[in-house]
Amino acid sequence: MRAKKGMTLVEVMLAGAITVLFTLSLMEALIVSAKISNENAQLLAADAYAWDMAWKWFNKKYDDLTTTDANGIIYQGTITSNECPTLCRALTGADAKVGIRVRTVTVNRHSVETTARQIDVDMAWGPASDRKSLNGMFNGVVEGGTKSYSHPVSIFKSSIDRGQL
């Protein structure tokens with residue numbers, strides 16, 4: 001008896017099925033990776049824009065950082081696609097919003113108590129069904145999202161000039 005050379009049809013079909021399953025799982029991994037990458041890009045863009053807004057408000061005069069709003073909200077606005085292209089309506093499904101809250105707080109600097117302004121920035125973006133926000137600070141005020149990244153953006157501005165106690 002001579003040994004038969006080659007593969008049977010069952011072996012070929014089994015190898016093909018394993019290859020298809022492997023390829024499908026690889027494609028699913030690529031899709032999930034793209035979604036995570038897109039979400040991270042949006043979060044980084046929102047964080048960068050929020051810090052830019054915080055810096056802009058930090059450079060205002062101390063006496064200009066006051067509000068009569070009970071929540072301390074001093075500014076609310078819609079972000080245009082020129083200001084933050086990654087969060088524009090075309091890519092996220094809805095307008096991105098920004099809100100700035102200014103509160104007067106007491107701080108201790110070099111054993112001297114003084115008052116300072118705390119500037120908090122929050123952003124919300126995405127469609128109503130999947131709204132996201134940096135920190136959820138303004139839920140209900142600046143269309144806070146259903147998903148909060150718990151990422152605070154806060155800075156303090158004191159009435160003390162730099163270089164003096």
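**Notebook: core, cysteines and a buried aspartate**

I began with burial across the whole protein, and I noted that buried residues make up 32% of its 165 residues. I reminded myself that I am reading a predicted model.

Next I looked up the secondary structure, and I counted 2 helices and 6 strands in the protein. Following the sequence from its start, I wrote the pattern down as α-β-α-β-β-β-β-β.

I then turned to the surface, where the accessible area of the protein comes to about 11000 Å², and I noted that 57% of it belongs to carbon and sulfur atoms. For the contacts, I took those with a separation of 6 or more, and found that residues 24 or more positions apart account for 56% of them.

My next entry concerns the interior. In soluble globular proteins, nonpolar side chains tend to be buried together. Here I found that the largest nonpolar core has 23 residues, and that Leu-87, Val-121 and Met-123 are the ones with the most contacts inside it. I listed the elements that give two or more residues to this core, and they are the helix α1 and the strands β2 (96-109), β3 (112-125) and β6 (153-158). Which element gives the largest share of this core? I found that it is α1, with 8 residues.

After that I checked the cysteines, and I recorded 0 disulfides in the structure. Why is Cys-88 not bonded to Cys-84? The closest cysteine sulfur to that of Cys-88 is the one in Cys-84, and I noted that no bond is possible because the two are 8.6 Å apart, which is too far; a disulfide would need the sulfur atoms within 2.5 Å. I also looked up how covered these two residues are: Cys-84 is buried, with a relative accessible area of 6%, and Cys-88 is buried as well, with a relative accessible area of 14%. Both values are under the 20% that I used as the limit for calling a residue buried.

My last entry is about Asp-47, which I located in helix α1, a helix that covers residues 9-58. I wondered which side chain of opposite charge is nearest to Asp-47. I found that it is Lys-147, which is 15 Å away, and that Asp-47 has no salt bridge although it is buried. For comparison with that distance, I kept in mind that a salt bridge needs the charged atoms within 4 Å. Leaving out residues up to four places away in sequence, I noted that Asp-47 touches Leu-134, His-151 and Val-153.

Conventions. Residues are numbered from 1 along each chain as its sequence is written. This is a predicted model: local features need pLDDT of at least 70, side-chain atom pairs count only at pLDDT 80 or more; totals for chains, interfaces and linings use all residues. Side-chain values use heavy atoms; hydrogens and water are left out. Helices (H or I, at least four residues) and strands (E, at least two) are DSSP runs, numbered from the N terminus. Buried means under 20% relative accessible area, exposed over 50%, partly exposed in between (1.4 Å probe, protein chains only). Lys and Arg count as positive and Asp and Glu as negative; His and the chain ends are not counted. Contact means heavy atoms within 4.5 Å. Accessible areas come from the Shrake-Rupley method with a 1.4 Å probe; for residues, only the protein chains shown count as cover. A nonpolar core is a set of buried Ala, Val, Leu, Ile, Met, Phe, Trp, Tyr and Cys residues joined through side-chain atoms within 4.5 Å.
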